[in-house]
Amino acid sequence: MSVDPADHRLRRARRVTLLSLGTNGWTTVLLPAVGLLREPDPVRAVLGVVGLLGFTVAQVAVLHAAVTPWLAAPARRRRHLVLAVAALLSLPLVGPVAAGAWPTWAWLGASLVGMTPLLFRPAVAVVAAVGVLAAAAGVTVATGGPLPTALLVAGGVGAGIALLTWVQVWFWDLLVEARQGQAAGARLAATEERLRFARDVHDLLGHDLTVIALKAELAERLASVDGARAGREAAEARRLAASALTRVRAAVHGYRAVDLVEQAAAVGEVLRSSGVRCTVGPPVGALPAPVAADLAAVLREAGTNVLRHSRAGWCRIEITRDDGLVTLTVRNDGVRGPGPDAFSGGLRGLADRLAPSGGRVRASTEDGVFSLVATVPVTP
């Protein structure tokens, strides 16, 4: 899956999912420790500890891989192979522990059955679960333990864990697909905008370039027979080229023009789609293009900081105009550490951009709330 490992919202969901999966599986790993406590033979107890530790490490690696979609496929297969080897080695190492007194290996079998949704497709998972039950039955019969108890533990408890595991992984996959859809939507919007601009430029230049080419060809043919007319045609081609250039520059200027209200709304939508409750203050009316462009740069930097450098639950964007000053204020919670200071790279770059027009940028952190305030003078 193609996802961004730096997505903080996805990282939080990943940690919760991993903890939930681990809770399901580790319960069945801790219970074999009861068998270790009941084993009178110290050699068997030591071998059981080795087998149980190896199985636990392999299980943790597989659980981690299940919620790490950016992990390479070969690394994922290696972890699955390590778990298979650890499970096979646990049969002679853990199986004899507390023989007849505690279904030690049956609890490992329940853990394996519970992990089958992470490893196989449904049909293959059923076959694998049956194989684990057969192994649990074999170990129980060989060690003289109660067969019904072992099958109940490995099959019943394992089936319950498998169901919980499947639901958790299903929700995790839905979240990953949703984030992928959001990223794809953003890329599609950017592509459509580029195509729109390309169509506009084609419409502007297509006709003019065709006429210019015809005029140039005509001037070339007339050069040897009617120099005066050839000169007029060449002058007309030059005039058309200058006119086309002027229209293209006007189009590009309009394309680059910044609507600060639209920018604020767009940043708000991006933050809300990332799980941040964002409110945008009312608009202040039209602003001069240079002022809007400068504040839009501040707004983009602030939005990026909220997403990348905080764990914000809420954010508020306000734009006010008073006494010849336009003020942009962005506040958010979830600040980690003291927050950016006046010497951070992004803030220093914004200060340098606003300085020629007399603008300023201030940043402060109080009670876990970070505030970024930018002011730019504007003529009435």
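This is a stop-by-stop tour of helix α5, the helices packed on it, and two of the empty spaces beside it.

Before you click: the model is predicted, so local features need pLDDT of at least 70 and side-chain atom pairs count only at pLDDT 80 or more, while totals for chains, interfaces and linings use all residues. Residues are numbered from 1 along each chain as its sequence is written, and side-chain values use heavy atoms, with hydrogens and water left out.

**Stop 1: α3 and α5**

Select 42–66 for α3 and 104–119 for α5. Helices here are DSSP runs (H or I, at least four residues), numbered from the N terminus. The two axes come within 11 Å and cross at roughly 20 degrees. Axes are lines fitted to C-alpha atoms over the stretch in contact, and angles run from 0 to 180 degrees between N-to-C directions. α3 and α5 are therefore roughly parallel; angles under 35 degrees count as that, and angles over 145 as roughly antiparallel. The crossing is left-handed, the term for a near helix turned anticlockwise from the far one by less than a right angle.

Now show side chains. On α3, pick Leu52, Phe55, Gln59, Val62, Leu63 and Ala66; they meet Leu108, Ser111, Leu112, Met115, Leu118 and Leu119 on α5. Contact means heavy atoms within 4.5 Å. By class, this contact has ten nonpolar, two polar and no charged residues. Ala, Val, Leu, Ile, Met, Phe, Trp, Tyr, Cys and Pro count as nonpolar, Asp, Glu, Lys and Arg as charged, and the others, Gly among them, as polar.

**Stop 2: α4 against α5**

Keep α5 and add α4, residues 73–94. The α4 and α5 axes lie 11 Å apart at an angle of about 165 degrees, which makes α4 roughly antiparallel to α5. This crossing is left-handed. From α4, the contact uses His80, Leu83, Ala87, Ser90, Leu91 and Val94; α5 brings Thr104, Trp105, Leu108, Leu112, Met115, Leu118 and Leu119. The tally for α4 with α5 is ten nonpolar, three polar and no charged.

**Stop 3: α6 against α5**

Swap α4 for α6, at 122–143. The axes of α5 and α6 come within 9 Å and cross at roughly 180 degrees, so this pair is roughly antiparallel. Color Trp105, Gly109, Leu112, Val113 and Thr116 on α5, then their partners Ala125, Ala128, Ala129, Val132, Ala135, Ala136 and Val139 on α6. Ten of the residues in this contact are nonpolar, two are polar and none is charged.

**Stop 4: the second largest pocket**

Bring α4 back and center on Ala84, Ala87, Leu112, Phe120 and Val132, the residues nearest the centre of the second largest pocket among the 15 that line it. A pocket is an open set of points on a 1 Å grid over the protein atoms alone, with protein on both sides within 12 Å along at least five of seven lines; lining residues have an atom within 4 Å of a point. The space here is about 350 Å³. α4 gives the most to the lining, with six residues, and the classes are twelve nonpolar, three polar and no charged.

**Stop 5: the largest cavity**

Last, select Trp102, Pro103, Thr104, Thr140 and Thr143, the closest to the centre of the largest cavity among its 19 lining residues. A cavity is a set of grid points where a 1.4 Å probe fits but cannot get out. The volume, about 130 Å³, is the space filled by probe spheres set on the points. α5, α6 and α7 (147–222) each supply at least two lining residues, and α6 gives the most, with four.

Note on methods. Parallel < 35°, antiparallel > 145°, perpendicular 65-115°, else oblique.
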